[in-house]
Amino acid sequence: MQFDFATLDTAHRYKVLASTVVPRPIAWVTTLSAAGVANAAPYSFFNVMGSQPPIVALGLLARGDGSLKDTAANIIQGGEFVVHLVSEPLAQAMNLTCIDAPPGVDEIALAGLATTPSLRVAPPRLADAPVAFECISRAAIATGPSQVLVVGEVLMAHIQDDAVIDAARCHFATERLGLVARMHGAGWYDRAGTDMFQMDRPAWADHIAPQDTGHSKEPAR
Ligand SMILES: Cc1cc2nc3c(=O)[nH]c(=O)nc-3n(C[C@H](O)[C@H](O)[C@H](O)COP(=O)(O)O)c2cc1C
């Protein structure tokens, strides 16, 4: 069955994309307003987009009333943000920070979250998040009315100590992070890494053309 986006309204376009591009990691983003007020909100239109330089991207949709979300306004204004990944014990608090609270309500306090100063950027870090990336905005691209694609460079990573196996070699026990991811529909989540399988990456020289000495292996990425 086909779904022609030319004939779909905004809500249905969202459903087609958000119900099929799963699981999505959740960027729990802290920013500072022009007045210096800290804000936290979850964004699952998120991923890593490069490593040299280290790049993340966020898809910030328009609010229902057509205005910019606070996270978008704050990043455009301040140019800095912190992306946290969400562990299961923090999932309820993460969910609370997307509440449609009236202006002036501190959602970080409402969710009972502790913050700590970041090392390289002005927005604070959520102290209990298992992973945090301090980022500066490299581009904030308007992709629609009040819809923004933020491209950020990671300056500093904080990783929960017990998930670090070998700091010098950057080896991590990812399963110890207990991360959750966004699934389809309203309110469905996934426990990342709980139903895995492994496949070795093929190398042409080993498997397909063992006699062909003309091929050199490219480094895995
Ligand atoms: C798990 C989760 C993922 C979300 N992902 C997105 C997203 O990718 N893009 C978006 O615009 N809103 C997303 N939202 C909704 C925003 O978090 C919500 O609109 C929030 O109130 C925005 O807050 P802000 O105005 O403080 O930035 C998500 C909500 C949840 C709970």
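Of the 221 residues in the protein chain, 33% count as buried. Please keep in mind as you look around that this is a predicted model.

**The chain as a whole**

The protein chain is built with 5 helices and 14 strands. Its C-alpha trace spans about 70 × 50 × 30 Å along the principal axes. Among contacts with a separation of 6 or more, 55% come from residues 24 or more positions apart. On the outside, the protein chain exposes about 13800 Å², with carbon and sulfur atoms supplying 56% of that area. As for charge, there are 15 positive and 22 negative charges, and their mean positions lie 3 Å apart.

**Around strand S10**

Let us turn to strand S10, which covers residues 147–159. Two of its pairings are set out here, each with an example of a bridge.

| Strand paired with S10 | Sense | Bridges | Example of a bridge |
|---|---|---|---|
| S5 (residues 54–60) | antiparallel | 6 bridges | Ile55 with Glu153 |
| S9 (residues 131–144) | antiparallel | 12 bridges | Ala140 with Val150 |

S9 and S10 also form a hairpin, with 2 residues between the strands. One residue to look at in this turn is Ser146, whose phi is positive at about 60°. On the S5 side, Ile55 has Glu153 of S10 as its bridge partner, while on the S9 side Ala140 is partnered by Val150 of S10.

If you are following the side chains along these strands, a general point may help: in a regular strand they alternate between the two faces of the sheet.

Note on methods
Residues numbered from 1 in each chain as written. Predicted model: local features only at pLDDT ≥ 70, side-chain atom pairs only at ≥ 80, totals over all residues. Heavy atoms only, no water. Helix = DSSP H or I, 4+ residues; strand = E, 2+ residues; numbered from the N terminus. Buried < 20%, exposed > 50% of the residue type's maximum accessible area, 1.4 Å probe, protein only. Contact = heavy atoms within 4.5 Å. Areas by Shrake-Rupley, 256 points an atom, 1.4 Å probe, with all protein chains shown as cover. Lys, Arg positive; Asp, Glu negative; His and termini not counted. Charge placed at Lys NZ, Arg CZ, Asp CG, Glu CD. Pairing = 2+ DSSP bridges.
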